[in-house]
Amino acid sequence: MNIVMYGIPEEQARLTAERYGLSLCRSFDDIADENYLMLQQELVTEEEQLDFFTRMMEHEPTIDAVIVAHADALSTVHYSSQPGKFFPVNGDAEEEKLDEEISGIIETCLGRLCAHEGI
């Protein structure tokens, strides 16, 4: 499983990577075939946004989920993501709630949890 995270605190990304046995990286250049969690830096310039869009298209077959908790450049990240692979989370939530939301997304992608469980 490969996951791209945008706007997620670094500590949360690190804990998530450890929990699911993923290697944490910060660039598409570091993603191999699978088992990577890429923590994307904030996209500020149009060049960064275009590069991100291009790289997402190149890596689309290997990206299983894009988890976003930040409003800046949200449209670029959303537009670059395949339908069914884009998951927004509440970036203002307390640490425990954010962890719960992210874990629920990953567990669902892994087929370990039905999306409606816990409702």
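Exposed means over 50% relative accessible area, and buried means under 20%. Keep that in mind for the exercises below, which all use a predicted model.

**Exercise 1. Place Glu-94 in the fold and decide: is Glu-94 buried or exposed?**

Step one, find the spot: Glu-94 sits in the loop that runs between strand S5 (86-88) and helix H4 (95-109).
Step two, take the accessibility: Glu-94 has 65% relative accessibility, so Glu-94 counts as exposed.
Step three, look further afield to Glu-46: this residue and Glu-94 are 48 residues apart in sequence, and their C-alpha atoms are 31 Å apart in space.

**Exercise 2. Work out how helices H1 and H4 are arranged.**

Start with the axes: those of H1 (residues 10-20) and H4 come within 11 Å. They cross at roughly 40 degrees.
Now classify the angle. Under 35 degrees would count as roughly parallel, and 65 to 115 as roughly perpendicular. The crossing fits neither, so H1 and H4 are oblique to each other.
Last, the hand: H1 and H4 make a right-handed crossing.

**Exercise 3. Describe the largest cavity: how much space lies in it, and which residues line it?**

First, the count: there is one cavity of 30 Å³ or more.
Next, the volume: about 50 Å³ of space lies in the largest cavity.
Then go round the wall of the largest cavity: Met-56, Met-57, Glu-60, Ile-63 and Val-66 line it, along with Ser-80, Ser-81, Gln-82 and Lys-85.
Finally, sort that lining by character: four residues are nonpolar, three are polar and two are charged.

Notes. Residues are numbered from 1 along each chain as its sequence is written. This is a predicted model: local features need pLDDT of at least 70, side-chain atom pairs count only at pLDDT 80 or more; totals for chains, interfaces and linings use all residues. Side-chain values use heavy atoms; hydrogens and water are left out. On a 1 Å grid over the protein atoms alone, a cavity is a set of points where a 1.4 Å probe fits but cannot get out, and a pocket is an open set with protein on both sides within 12 Å along at least five of seven lines; lining residues have an atom within 4 Å of a point. Grid points are joined across faces, edges and corners, and a volume is the space filled by probe spheres set on the points. Ala, Val, Leu, Ile, Met, Phe, Trp, Tyr, Cys and Pro count as nonpolar, Asp, Glu, Lys and Arg as charged, and the others, Gly among them, as polar. Helices (H or I, at least four residues) and strands (E, at least two) are DSSP runs, numbered from the N terminus. Buried means under 20% relative accessible area, exposed over 50%, partly exposed in between (1.4 Å probe, protein chains only). Axes are lines fitted to C-alpha atoms, for helices over the stretch in contact, and angles run from 0 to 180 degrees between N-to-C directions. Angles under 35 degrees count as roughly parallel, over 145 as roughly antiparallel, 65 to 115 as roughly perpendicular and the rest as oblique. A crossing is left-handed if the near helix is turned anticlockwise from the far one by less than a right angle, and right-handed if clockwise.
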